[in-house]
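Subject: Handover of a structure and notes on it

Dear colleague,

Please find below the structure that I am handing over to you. My notes on it follow directly after.

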Amino acid sequence: MVWIFLLLVLLLVILAILFVFSVSASHDTFQKMNIDSPPASRLLGHFGAALKKGIFTTQLEIYNLYKDKKVYGTYDGCHPVLNIKDPDMIKEIMVKSFNSFVNRRSFFDLDPPFKEMLVSLKDDQWKHVRKIMSRTFTSGQIKRMSKHMERKSQQLVDLLHRKQESNDDDDIELKNIISCFTLDVIASVGFGVEISSMENPDNPFAVHAKQSINLSPLLLSLAFFAPWSLTLLQKAGVSTIPKATREYFTKIIDAAIENRKEEGQAGKVNDFLDLLINSEEESGQTEKYYLTRSEIHGQALVFILAGYDTISTVLSFTLFLLTVHPEYCQIVQKEMDEKIGNESPNYDNIQGLTYMDMCLNETMRLYPPAFFIDRVCAEDTTVHGIQIPKNMVVAFPVYALHRDPEFWTEPDKFQPERFSAENKDSHHPYAYLPFGNGPRNCVGMRLALMELKIALSYILKDFTPVTCEKTVYPIKLKKLQLIAEDGLWVKLSARK
Ligand SMILES: *[C@@H]1O[C@H](CO)[C@@H](O)[C@H](O)[C@H]1NC(C)=O
């Protein structure tokens with residue numbers, strides 16, 4: 001009996017060793033390519049450092065090791081990643097050689113409808129859906145969608161006034177309250193659903209939306225270290241995003257579509273769903289500008305994944321940075337008083353708010369929600385003399401590029417003047433990538449900027465944010481998320 005036990009133990013030990021070796025087997029990739037790469041842990045690659053010191057510090061530290069280099073290699077667990085730090089080379093990959101770098105890396109196959117989101121689509125299907133999505137984001141459409149944002153911003157401001165009057169503790173954690181706001185906007189603009197997460201944070205839309213952006217850390221780690229195990233799990237019916245969440249969203253989207261068709265309201269509500277309905281494939285239609293129902297589900301979901309947490313991050317960080325730099329806040333408010341006056345902020349009158357634009361851009365330089373962007377090389381391609389093999393993942397370390405002293409003087413300081421008309425050209429355009437660039441840049445950029453400006457205008461028109469006892473600055477980021485560890489605490493002081 002004992003020898004069977006011993007044999008089993010021996011077998012397990014051998015398997016464990018084989019596993020570690022299989023993970024690190026690819027760790028000589030960059031040495032073979034003659035590209036610099038810092039020492040990697042056998043099991044975790046450079047993800048080990050990220051777990052210990054945080055992804056932001058790690059990205060910056062590794063980037064700074066290679067001051068005079070155009071590229072360097074890292075390993076995400078077993079996956080080699082070619083990091084590009086030269087802006088001219090980034091431009092080449094994102095724009096000129098785009099056809100060899102169309103797709104993003106996918107760790108695992110998502111289940112429909114998440115599989116058909118614009119962000120995860122590949123090649124021809126991506127081109128097809130992207131073309132339709134671009135048509136839905138014209139100025140006219142964005143202007144119509146702005147009405148929903150104005151209404152929601154007014155509700156936010158009303159709530160803030162009520163909070164002030166109710167004499168409670170009036171310290172406010174910005175990220176928390178702003179997340180509720182951006183979720184309400186997404187529900188309204190993207191799905192035609194009216195919710196008030198600000199007053200009722202446990203509504204089902206909010207609960208499921210949070211579910212879908214919180215991929216379990218366990219699954220995420222598996223994706224890094226043993227991608228094959230996820231395929232197995234999926235075959236066994238385990239899903240990366242809970243089934244109930246997937247069903248919830250497909251159901252409300254279908255219900256909303258049928259409802260509108262019945263009431264003859266389709267195309268009249270002016271939200272994102274309307275635009276998608278207009279492009280739905282009629283049976284027998286062969287026109288290629290149409291989307292299938294499942295593609296519609298996917299694009300509606302991108303709205304949540306790409307437009308909820310990102311916008312709340314930028315909006316809350318901007319407000320916070322203006323709180324701790326009141327001199328810039330004053331300039332923003334002065335500009336608003338001059339250009340908007342007593343009107344309510346709207347699509348037209350916010351266009352002239354240049355200084356606000358500069359502050360938003362400076363916030364996105366310091367805290368870019370997409371702090372790491374990647375592409376997969378489709379065929380052997382030589383870029384600026386560097387041979388990139390087929391299937392290699394190339395990445396743009398956005399967070400570190402945005403803080404590279406070679407492109408930005410005093411990179412850690414909040415200085416909106418960097419983006420003034422005079423100074424704008426002093427940074428390389430590809431050293432600033434808050435929305436990516438090239439044909440696969442963020443399709444919702446203009447919509448996002450509009451939402452940010454409308455919401456910011458509504459808030460700063462009625463309130464001046466000031467520091468309070470709980471304010472902690474400089475901001476310390478959490479290890480794995482673009483979130484302030486100590487929160488973004490401020491007090492709002494009513495204007496006039
Ligand atoms: C801010 O950034 C956006 C997007 O990158 C750009 O379109 C805009 O011109 C910038 N504004 C200023 C004032 O630099």
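H384 counts as exposed, since 12 other C-beta atoms lie within 10 Å and a residue is called exposed at 12 or fewer. The residue sits in the loop that links β5 (381-383) and β6. The phi angle of H384 is near 50°, a positive value in a residue other than glycine. Please bear in mind throughout that this is a predicted model.

A second residue with a positive phi is N34, where the angle is near 65°. N34 belongs to the loop between α2 (29-33) and α3. With 8 C-beta neighbours inside 10 Å, N34 is classed as exposed. As background to both cases, most residues other than glycine have a negative phi, and most peptide bonds are trans. On the latter point, the bond between Y473 and P474 is a cis peptide bond, with omega at about 5°. P474 is located in the loop that runs between β8 (463-466) and β9 (489-494).

Overall composition

The protein has 496 residues, of which 37% are buried. Its secondary structure amounts to 19 helices and 9 strands. Of the contacts between residues at least 6 apart in sequence, 71% join residues at least 24 apart.

The four-stranded sheet

How are the strands of the open sheet ordered? The order of its 4 strands is β1-β2-β7-β4, and the pairing is mixed. β1 and β4 are the edge strands, each of which pairs on one side only. From one strand to the next, the twist averages 30°.

Taking the pairs in order, β1 and β2 are antiparallel and share 6 bridges. Within this pair, D76 has H79 in β2 as its bridge partner. Strand β2 (residues 79-84) and β7 run parallel and are joined by 3 bridges; here N83 stands opposite A395 of β7. Strand β4 (residues 373-376) pairs with β7 in the antiparallel sense over 4 bridges, and R375 stands opposite V394 of β7.

Which residues of β7 are on its covered face, and which are on the uncovered one? In this strand, residues 393-396, V394 and F396 form the covered face, whereas V393 and A395 form the uncovered face. Helix α5 (residues 87-96) packs on the sheet and touches β2, β4 and β7. The direction of α5 makes about 115° with that of β2.

The loop before β7 also deserves a remark. N391 is found there, between β6 (386-388) and β7, and counts as exposed because it has 11 C-beta neighbours inside 10 Å. Apart from neighbours within four places in sequence, N391 is in contact with V376 and C377. N391 and R105 are 286 residues apart along the chain, yet their C-alpha atoms are separated by 9.4 Å.

Helix α4

Helix α4 spans residues 55-64, and its buried residues are I55, F56, T58, Q59, I62 and Y63. Why do these buried residues line one face of the helix? Viewed down the axis of α4, they fall within an arc of 165°, and they therefore line one face. The general background is that an α-helix has 3.6 residues a turn, so residues three or four places apart point the same way. The buried residues of α4 pack against α3 (47-53), β1 (71-76) and α18 (398-401). One of these partners, β1, is also an edge strand of the sheet described above.

The pair β8 and β9

β8 and β9 run antiparallel and are joined by 4 bridges. F463 has A494 in β9 as its bridge partner. Side chains alternate along β8: F463 and P465 point to one face and are buried, while T464 and V466 point to the other face and are not buried.

The ligand

Which residues surround the ligand? They are T354, D357, M358, N361, F419, K424, P434 and F435. By character, the residues of this shell divide into 4 nonpolar, 2 polar and 2 charged.

With kind regards

Note on methods. Residues numbered from 1 in each chain as written. Predicted model: local features only at pLDDT ≥ 70, side-chain atom pairs only at ≥ 80, totals over all residues. Near = placed C-beta within 6 Å. Nonpolar A, V, L, I, M, F, W, Y, C, P; charged D, E, K, R; others polar. Buried ≥ 20, exposed ≤ 12 C-beta atoms within 10 Å, placed from the backbone. Helix = DSSP H or I, 4+ residues; strand = E, 2+ residues; numbered from the N terminus. Pairing = 2+ DSSP bridges. Arc of directions from axis to C-beta. Contact = placed C-beta atoms within 7 Å. Axes fitted to C-alpha atoms, helices over the stretch in contact; angles between N-to-C directions.
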